[in-house]
Amino acid sequence: MTIENIIFLLVAIVGFGLFAWQARKIRANILVGRDRDMSGNIGERLQKTLLVAFGQQKMFKRITPALLHLVVYVGFLVINIEVIEIVIDGVFGTHRVLQFLGPVYDVLMATNEILGALVIIAVIAFWWRRNVKKVRRFSGPEMRAWPRIDADMILYIEVVLMVALFVMNTSDLKWHRLQNLEMPGSFPVSSLLMSIFPSDLNLLHFLERAGWWAHIVGILIFLNYLPSSKHFHIIMAFPNVYYSRLVPQGQFSNVDSITHEVKAMMDPSYQVPAPPVGPDGSALAPTSFGAKDVEDLAWTNLLNAYSCTECGRCTASCPANITGKLLSPRKIIMDTRDRMEEKYNSPLIFQPNQYGDASKGTERVKVEADQNTLLRGKVTPEELWACTTCNACVESCPVNINPLESIIEMRRFLVLEESAAPHSLNVMFSNIENNGAPWAFSPSDRFNWADELYLAEKQAVTA
């Protein structure tokens, strides 16, 4: 094993290890959410995953970005085959170890090169749509400095990775040709680029090694950049679609404790189940109604937050947002993710001890205040009440994120925990309680309109 192999092995261990550490941290963040049983219906879930996640089904509602995204997506999948070869070569000191595949290897390398060139074209098109054409759904109050930088950053990284790939292949190909050696594989794009490369064998070898290292180290950097980026959806989209709701869209969930109470009121013989108990046999503290902070949401809602592509399709289709209301479904999801990162990943803050002396026994604690919760800290009631529950955001999301469910849960907290519903809803609640209907009419007057209509028709016939 050479020094180069040892260095590569260390770099790979650090790169993959750091990604595993970040992935474990994100998994822990997601699991702070309330438990929800998503077992069963495996066949239906796999079918949905194949169609929506792998098949990009919902992307093709917009044909131009769908085709561009398809190129990058397929390129990402196929080019990873060459990455596997690079990793094997790096560990064992081989050179193009998969060449034993023969004609299959020729097809793979040719496909990689064609897709690599198409990826560069698609990335340039994406950059133009975002920065020159300025597609409206890419903007918004929530798309501040970091989301804008992040969106462009990944495009630049993808171009650098593809350029490094072509530098590696072209310099290696020309090095072999100058020595009348047969290089395994077929390289249609690199063959066209050979004329712009130097003819010095030592320089070509240096360029090949530089391209090889730039490509694999760039991929490891890209891999560890993903958890901090909206592009983490290239991994999270698959579990998110698998665990998406199978019930009819827009169907609201019931609160079990309220359901039992209503059943007991309607049927005195109904036996209310015993409250849940902890491992030690003691009764668990009752949970709040709805959601005030991220841990009050279901874990699937938190999975949604890490799967968001920030593409803006949900907000672009939201009738409340289109008519100038404060609501942006994309912002609700981004706020949820930001709140999780803020609460569970932010550095601990040093606070003075009970004597007020920061120099004696300082304790590391997290500063938590009501104004920093998800509800009111990041999402305002005005945003929540602007939602019409039309489900347009859910239908339009290419990875099956459900902003509506989070909105409903925060509304539920406002109504059931704080009695903070808007005046118009409080009037409706009072009417339902007193009159059995949303309108301010007693049940005895409910059919007065029919009598009035009958008298009007009778008078018309008489006249």
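# A tour of the predicted model

Start with two helices: α13 and helix α17 (residues 403–416) pack at an angle of about 75°, and their axes lie 9 Å apart. That angle makes α13 roughly perpendicular to α17. The model is a predicted one, and every value below is computed from it.

**Stop 1: where α13 meets α17**

Select Pro329, Ile332 and Ile333 in α13, then add Pro403, Ser406, Ile407 and Met410 in α17; these are the residues that meet. By class, this contact of α13 with α17 has 6 nonpolar residues, 1 polar residue and no charged ones.

Now keep Ile332 alone and show what surrounds it. Leaving out residues up to four places away in sequence, Ile332 touches Leu327, Val379, Glu383, Leu384, Ser406, Ile407 and Met410.

**Stop 2: helix α17 by itself**

Colour α17 by accessibility. How many of the 14 residues of α17 are buried? The count is 12, so the helix is mostly covered. The buried set is Pro403, Leu404, Glu405, Ser406, Ile407, Ile408, Glu409, Met410, Arg411, Arg412, Phe413 and Leu414. To see what covers them, display α10, α13, α14 (374–377), α15 (381–385) and α16 (392–396), against which the buried residues of α17 pack.

A distance check can be made here. At 1.5 Å a residue, the 14 residues of α17 should span 20 Å, and the end C-alpha atoms are 20 Å apart, which agrees.

Step back along the chain to Asn400, in the loop between α16 and α17. Its phi is near 60°, a positive value in a residue other than glycine. Is Asn400 buried or exposed? Asn400 has a relative accessible area of 13% and is therefore buried, the cut-off being under 20%.

**Stop 3: the loop before α13**

Select Lys325, in the loop between α12 (319–322) and α13. Lys325 counts as partly exposed, with 44% relative accessibility. Not counting residues up to four places away in sequence, Lys325 touches Ala320 and Ala386. Draw a distance from Lys325 to Trp385: the two are 60 residues apart in sequence, and their C-alpha atoms are 9.8 Å apart in space.

**Stop 4: the nonpolar cores**

Next, select Ile30, Trp212, Ile216, Leu327, Ile332, Leu384 and Met410. These have the most contacts inside the largest nonpolar core, which has 72 residues. Helix α5 (residues 145–178) gives the most to this core, with 8 residues. Apart from it lies another core, of 8 residues, among them Tyr105, Met109, Leu173 and Met194.

Centre the view on Met194, in the loop between α6 (188–193) and α7. At 14% relative accessibility, Met194 counts as buried. Aside from neighbours within four places in sequence, Met194 is in contact with Thr170, Leu173, Lys174 and Arg177. For a sense of position, draw a line from Met194 to Ala12: they are 182 residues apart in sequence and 30 Å apart in space, C-alpha to C-alpha.

**Stop 5: helix α1**

Ala12 leads to helix α1, where it is one of the buried residues. The full buried list for α1 is Asn5, Phe8, Ala12, Gly15, Phe19, Gln22, Ile26, Asn29 and Ile30. Which helices do the buried residues of α1 pack against? Show α3 (63–92), α7 (201–225), α8 (233–242), α10 (299–307) and α13 (329–344) to see these partners.

The distance check can be repeated on this helix. At 1.5 Å a residue, the 28 residues of α1 (residues 3–30) should span 40 Å; the end C-alpha atoms are 41 Å apart, which agrees.

**Stop 6: α4 and the loop after it**

Move to Asn112, in helix α4 (residues 103–131). Asn112 is buried, with a relative accessible area of 1%. Beyond residues up to four places away in sequence, Asn112 touches Val78, Ile79 and Glu82.

Finish at Lys134, in the loop between α4 and α5. Lys134 has a phi near 55°, a positive value in a residue other than glycine. Lys134 is exposed, with a relative accessible area of 59%. Set Lys134 beside Asn400 from Stop 2: phi is positive in Lys134 and in Asn400, but Lys134 is exposed, whereas Asn400 is buried.

Definitions and conventions
Residues numbered from 1 in each chain as written. Predicted model: local features only at pLDDT ≥ 70, side-chain atom pairs only at ≥ 80, totals over all residues. Heavy atoms only, no water. Helix = DSSP H or I, 4+ residues; strand = E, 2+ residues; numbered from the N terminus. Buried < 20%, exposed > 50% of the residue type's maximum accessible area, 1.4 Å probe, protein only. Contact = heavy atoms within 4.5 Å. Core = buried A, V, L, I, M, F, W, Y, C linked by side-chain atoms within 4.5 Å. Expected span 1.5 Å × (residues − 1). Axes fitted to C-alpha atoms, helices over the stretch in contact; angles between N-to-C directions. Parallel < 35°, antiparallel > 145°, perpendicular 65-115°, else oblique. Nonpolar A, V, L, I, M, F, W, Y, C, P; charged D, E, K, R; others polar.
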